[in-house]
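User: I have a model open and want to learn how to read it. Can you take me through it feature by feature?

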Amino acid sequence: MEEELPGVVSTRENEELIIPASTTIEMPENASDLEIKYEDLPPMPERRLKEMWSQSSGGSCLVTCITTVLMLWTHLLTVQSMDLPETPATICLAMMWSCAVLAVVCLVGLLFSDPGECKRSPEVCFPIPEEVREKLLKGESTSHGLSNIIVDAETPELAKTYCVRCLLWRPKVKYHHCSVCQRCVGDFDHHCGVFGRCIAGKGIGPCGTGNMKYFVGMVIAGCGGELICIVWFMIAISLTM
Ligand SMILES: [Zn+2]
Ligand SMILES: [Zn+2]
């Protein structure tokens, strides 16, 4: 079998089309990416784990303490005020337990669910912008001296941004690179200094995205628990006076 020579394209058997050296061969649009493979990309930026850990452990302790104090307080009020009617007392305790369970579920959800971080894949990593490619080929960090690259489009939904730290393309709208978590997050709201996680997503029901539903659930549980406690305390005081 005949070997194909470089620069020579076989057309038909025994007939060859020789491309002159001066001819420029049209390269594919992302030809520059041929030099960097997906597997060659540097790892994702390191998270500020110490900060995240101290924030999340502080938040967990806070939630545990507040829940325990409110539960103890409600139980003590119920036990000490023997004159209190049984039905309201049972309802109050049931509501307090519901708030406590909701708080624990939301805490676990906040700590362990994905807020909507952008994941790397060949589809979102290429094409690599020229300035980023040059830095990568030189072995330099892309996090310094480069700004995110923005591609504007008439329709905002089609506009996209290249994150020079995560090294990926993401939709321009509502995506943000968190400096603590060191990830790009969709529908970003804020980085919570209490729970050490990005708070992001839409909707608060079971179909909601990201971890916003857990954050809202936590606020409801906290406010609800405190409200029940205050109301129950006022009822107890008025009945015992
Ligand atoms: Zn990023
Ligand atoms: Zn974050």
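User: What is the mean pLDDT of the protein chain?

Analyst: This is a predicted model. The mean pLDDT of the protein chain is 82. Of its residues, 83% reach 70 or more.

User: Where does pLDDT stay under 50?

Analyst: Over residues 1–28. For that stretch the model has nine contacts beyond four places in sequence. Where pLDDT is low, the predicted coordinates should not be read in detail.

User: Now the strands. In what order do the three strands of the open sheet lie?

Analyst: The order is 3-4-5, and the pairing is antiparallel. At the edges are strand 3 (149–151) and strand 5 (168–171), each pairing on one side only. From one strand to the next, the twist averages 25 degrees.

User: How many bridges join strand 3 to strand 4?

Analyst: Three. Strand 4 covers residues 160–163, and the two strands run antiparallel.

User: Which residue in strand 4 stands opposite Ile 149?

Analyst: Tyr 162.

User: Let me try a single residue. Is Ile 230 buried or exposed?

Analyst: Count the neighbours. A residue is exposed if 12 or fewer other C-beta atoms lie within 10 Å of its own. Ile 230 has 10 within 10 Å, so Ile 230 is exposed.

User: Which helix holds Ile 230?

Analyst: Helix 5, residues 212–240.

User: And how should I read sequence distance against distance in space?

Analyst: Take a pair and compare the two. Ile 230 and Thr 74 are 156 residues apart along the chain. Their C-alpha atoms are separated by 9.4 Å.

Terms used: Residues are numbered from 1 along each chain as its sequence is written. Chains are lettered from A and ligands numbered from 1 in the order in which they are written. This is a predicted model: local features need pLDDT of at least 70, side-chain atom pairs count only at pLDDT 80 or more; totals for chains, interfaces and linings use all residues. pLDDT is the predictor's confidence in each residue, from 0 to 100. Two residues are in contact if their C-beta atoms, placed from the backbone, lie within 7 Å. Helices (H or I, at least four residues) and strands (E, at least two) are DSSP runs, numbered from the N terminus. A residue is buried if 20 or more other C-beta atoms lie within 10 Å of its own, exposed if 12 or fewer, and partly exposed in between; C-beta atoms are placed from the backbone. Two strands pair if DSSP finds at least two bridges between them. Axes are lines fitted to C-alpha atoms, for helices over the stretch in contact, and angles run from 0 to 180 degrees between N-to-C directions.
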